[in-house]
Amino acid sequence: TDSMNEGLILLDQKGRILSINAAAKRLFGADDSIIGNNFLTVDRSIDMSRAIEKALGGKRSEFRKERNGCEYQFMINRTESGGKTTGVVILCFDVSETVFAERNRREVTANVSHELKTPLQSIIGSAELLENGLVKPEDTGRFVGNIKKEAERLIALINDIIRLAQLDEESEPANESVDLYDVAREVTEVLAASAEKKQVKLQLNGESCVISGVRRYLYEIIYNLCDNAIRYNKEGGEVAIELGHQDGNIVLSVS
């Protein structure tokens with residue numbers, strides 16, 4: 001038990017310490033001299049006293065408490081032999097990372113709720129003005145553009161939430177065979193209007209290049225590269241997407 005990361009303490013039916021492993025000694029600042037003493041000499045907290053009392057009465061207990069700057073989960077159960085209570089086993093788990101993750105999750109949820117409300121309120125406000133005929137005809141395009149822009153912002157936020165959930169669950173979408181040339185062609189079609197508005201020439205050159213990957217992620221990579229290339233280009237400029245094989249690798253360039 002000395003090789004365990006978790007603290008382990010065994011008590012007899014009178015609450016005296018029979019065994020305490022290295023992790024528990026570190027946690028409670030104790031040594032072998034406490035063996036044979038009542039556990040109350042090590043920890044006098046009300047939570048622990050009540051938990052031991054309940055365990056001796058046959059009821060399992062569990063609680064969290066901060067010690068030495070870390071958050072610990074304490075699990076207290078009775079030990080028995082022939083149906084009779086012979087003592088208590090105390091297990092101590094460091095759950096600091098779990099507590100930190102839970103706190104972060106609550107903060108993320110609160111932030112996400114706020115971030116989602118902002119574009120939604122803008123969309124609803126613009127839509128209501130259009131619905132009630134309070135927008136001048138010459139300003140209609142600006143309000144519709146605002147609705148589109150905020151809707152795109154919502155989609156980006158939702159995609160971020162999906163990614164966070166996947167990372168939290170340590171799960172990733174399954175890989176599949178993806179032709180990058182097809183993905184790049186789809187991106188050029190989607191961004192054609194943006195390029196035309198900026199008077200930027202968007203061209204794709206190359207060949208079929210199949211790799212194993214997550215299509216949605218690959219699409220986003222190419223889309224973001226091309227979108228930035230168009231957005232930060234000069235009027236009358238060019239964006240060239242080149243795709244091909246080189247030295248056994250697939251090479252994608254956006255210039």
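Start by selecting Gly 244 and Val 251: in this predicted model, Gly 244 stands opposite Val 251, which belongs to strand S10. Now widen the selection to strand S9, residues 238-246, and you'll see that S9 and S10 pair in the antiparallel sense, over six bridges.

Next, add strand S7, residues 201-206. You now have an open sheet of three strands, in the order S7-S9-S10, with mixed pairing. S7 and S10 (249-254) are the edge strands, each pairing on one side only. Look along the sheet for its twist, which averages 5° from one strand to the next.

Time for the helices. Show H5, residues 180-197: this helix packs on the sheet and touches S7, S9 and S10. Check its direction against S7, and the angle comes to about 170°. Then bring in H6, residues 215-231, which lies across S7, S9 and S10 and runs at about 30° to S10.

Keep both helices on screen and add H4, 140-168, for the last stop: H4, H5 and H6 each supply at least two residues to the lining of the largest pocket. That pocket holds about 1,000 Å³ of space. To find its centre, select Glu 152, Leu 191, Tyr 223, Asp 227 and Arg 231, the closest to it of the 23 lining residues.

Which helix gives the largest share of the lining? Colour by helix and you'll find it's H4, with nine residues. Finally, recolour the lining by residue type: eleven residues are charged, eight nonpolar and four polar.

Methods: Residues numbered from 1 in each chain as written. Predicted model: local features only at pLDDT ≥ 70, side-chain atom pairs only at ≥ 80, totals over all residues. Heavy atoms only, no water. Pairing = 2+ DSSP bridges. Helix = DSSP H or I, 4+ residues; strand = E, 2+ residues; numbered from the N terminus. Axes fitted to C-alpha atoms, helices over the stretch in contact; angles between N-to-C directions. Contact = heavy atoms within 4.5 Å. 1 Å grid on protein atoms, 1.4 Å probe; cavity = no way out; pocket = protein on both sides within 12 Å on 5 of 7 lines; lining within 4 Å. Points joined across faces, edges and corners; volume = space filled by probe spheres on them. Nonpolar A, V, L, I, M, F, W, Y, C, P; charged D, E, K, R; others polar.
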